[in-house]
Amino acid sequence: MIQINKDACKGCGICIAMCPIKILEFSDELNNQGVHFPKITQEEKCTKCENCMIYCPDFAVVVNKDEK
Amino acid sequence: MKNKKNIDRKTDFIQGNIACAEGAIVAGCNFFAGYPITPASEITHYMSGKMFEINGTFIQTEDEIAAIANIVSASWGGNKSMTATSGPGISLMLENIGLAVVTETPCVIVNVQRGGPSTGSPSIPLQGDMLQPKFGSHGEYQIIALAPSSPQEMFDFTIVAFNKAEKYRVPVFILADALVGHMRERVDFPFEDEIILDERNKLETYQGIHQKIFLDENMAPMPIFGKGLKANITGSTHKEDGFRNVSDPKIMDNEIKRLSNKILKNKEDIVLIEEKYLEDAEVAIFSYGLVYRAVFETVNIARRKGLKVGSFRPITIWPFPQEQIEELSKKVKTIIVCENNLGQMFPFVKAAANGNAKVIFLPPETLGTLYNPENILNTIKEVI
Amino acid sequence: MNKTIEHPLKKYFRGEINYTTCSGCGNGIISQSILRAIDELAINFGDIAFVSGIGCSGWIPSPSFNTDVLHVTHGRSIAFATGLKLAIPQTKVIVCVGDGDTGSIGGNHLIHAARKNIDLTVICVNNGIFGMTGGQAAPTTPYNSKTTTTPYGSIERPFNLSNLAVAAGATFVARWTTYQARPLKNSIKKAIMHKGFSFIEVVSQCPVQYGKVIGMRNDPVSMLMNYKEKSVNIRNSKKMSEDELKDKFIVGELAEKKNIPELTDEIKRLRREAKKR
């Protein structure tokens, strides 16, 4: 339920730092801007706090509250 | 197009500044922002009451920069807006005048010129700011400027100014001076059905993200704010849809040329001149504004003495009546340029004459004072 | 399900969401807070107009936001916004400015608009530096900072912009950092609904230019954590000494005044009075 638009990401790392349960980390892949973008490690632990969505300066993260 | 006008009397004896304000109101001005400065303050005083009487808006701003900013954005809000100041105020406004030009914002700016440079002489007339509106702001641009010579013309030309501003989506200047602004003369107010007002071309409905709202030589429609038209306005170099592009020289080239052509290609409609006794003239006197009063008197005297003299008066200073001067230069032997400065329009007249006629410059004996017709006559006799 | 879902704030953008700001710039967080505030207030976006100036803050609404946007000269946004609000008072006018833009060249317009109490919502992105032009010292840059125009350290005390706004007469003033995105959004909501001059100062990270000044270059996360550590709520700040508050950011709603006549209302009143005579 966390959707990451990898090509919109600039690799700032803010979402990773703002996740209260630390389930985001940088992926090994590079996007088309040449930076590492975040990946979700344990999606089932997500509380849908929406921090990752709210703090992303590039609107690259969407938290879908409807989906489980 | 005819509109209801705010006229309630037919003739009055009023100061040029007041006549200017009255003309603005007849033209539909409903937003005035100003800052006090001699010799223009009377316009601001008058508007500070009148604007509320006609359901308009008046604001005294913290400085002239805010005054021009206010009239530009109020124009985007759909108002017919105006400010009035003198040379020092125009100096402060120049940056945002450029913004008004590049965003194609209709507005009227009155400069009641005073002695300069710097603080100068607030109540002494000088035609010292004639190049300022055209060349004072940075960059390459065109504006329209008119030079009234009497309170009647302060009234009449302010209406013309609003009309041209609306029609061509451009700031229009009234270049008066301390004397024209402060002198009192009879002003005849026209009958209601004699007045014709122009209104800006407005965008009616949102036409999509790339709607063309700028850079049309035939006037792009203006998206007034607050109507759901999603206006995208910027002072940065932009394309027809308003989107900024500051890296491509072709876009800058297009923007500058289209904006320029918007005015220059419509010179026939924009440029107003007045020619008197030029049919058989050997000498023409070029003058504008207050100086024209003395020149016209001189031409009459000269003709009574049998001298073949005529008068060429640009009512429109910018865009400069280049073609008309060139025509004139082929008919007369000499053009005498009379202006209350050290020759601001003189080089333009000389260039336009292109060697076809001799062009000489004759200032008043003392800058800031009225010409003595005898002095002009003596010069005429020398060259005729 | 592999369907791509749209960002809930995408509807407020003209096209694709594509801020060309530096990686980690606080602008995007502020943009989200503004749009979320508007979304929660359920105001028709077409009834809002944005004015912005020259500087990185100017890019928050212009040209991205899908409503009337006016992008003007450096420092003059508040003056332009005043004229616009006077002409179309029924439209909510939000102004995005920077600390350099409104604290330096635009200072005069800020204090007079606050004094006139014209109904504007001014969001001041305070990154403590002139970012766009290459990291020059701004009126908000702390004393002794080394910037591109203060290589030996700045020798001027910085402005406290919120205090300046309060002293000038602003009738709603709040300060937050980008770390407090949600309270920021709530203050923006309140500011939009407040009838009068609202000033919201947002301390925001400029990782490239200001990050360099404080040894956190290109490290927006550290800058945000620094905001978290150094933020003190206005309530708690009242119990602290001047010394304890020295490097802190006092956040919260700093001032609110009701029943101060608002400029467009006063204009309407003058029109009524002028007609009577």
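Me: Which chains share the most contacts among the two pairs that touch?
Reply: Chains B and C do. Contact here means that the C-beta atoms of two residues, placed from the backbone, lie within 7 Å. This is a predicted model, where local features need pLDDT of at least 70 and side-chain atom pairs count only at pLDDT 80 or more, while totals for chains, interfaces and linings use all residues. Residues are numbered from 1 along each chain as its sequence is written, and chains are lettered from A and ligands numbered from 1 in the order in which they are written.

Me: How do you know whether chain A and chain B touch or not?
Reply: They do not touch, and their nearest C-alpha atoms are 20 Å apart.

Me: Why are helix 10 and helix 13 of chain B called oblique to each other?
Reply: Happy to go through it! The axes of helix 10 (residues 290-304) and helix 13 (residues 373-383) of chain B come within 9 Å and cross at roughly 55°. Angles under 35 degrees count as roughly parallel, over 145 as roughly antiparallel, 65 to 115 as roughly perpendicular and the rest as oblique. The two helices of chain B are therefore oblique to each other.

Me: What makes up the contact of helix 10 of chain B with helix 13 of chain B, by class?
Reply: Among the residues that meet are B:Ala294 and B:Glu297 in helix 10 of chain B, and B:Pro373 and B:Ile380 in helix 13 of chain B. By class, this contact has eight nonpolar, one polar and one charged residues. Ala, Val, Leu, Ile, Met, Phe, Trp, Tyr, Cys and Pro count as nonpolar, Asp, Glu, Lys and Arg as charged, and the others, Gly among them, as polar.

Notes: Axes are lines fitted to C-alpha atoms, for helices over the stretch in contact, and angles run from 0 to 180 degrees between N-to-C directions. Helices (H or I, at least four residues) and strands (E, at least two) are DSSP runs, numbered from the N terminus.
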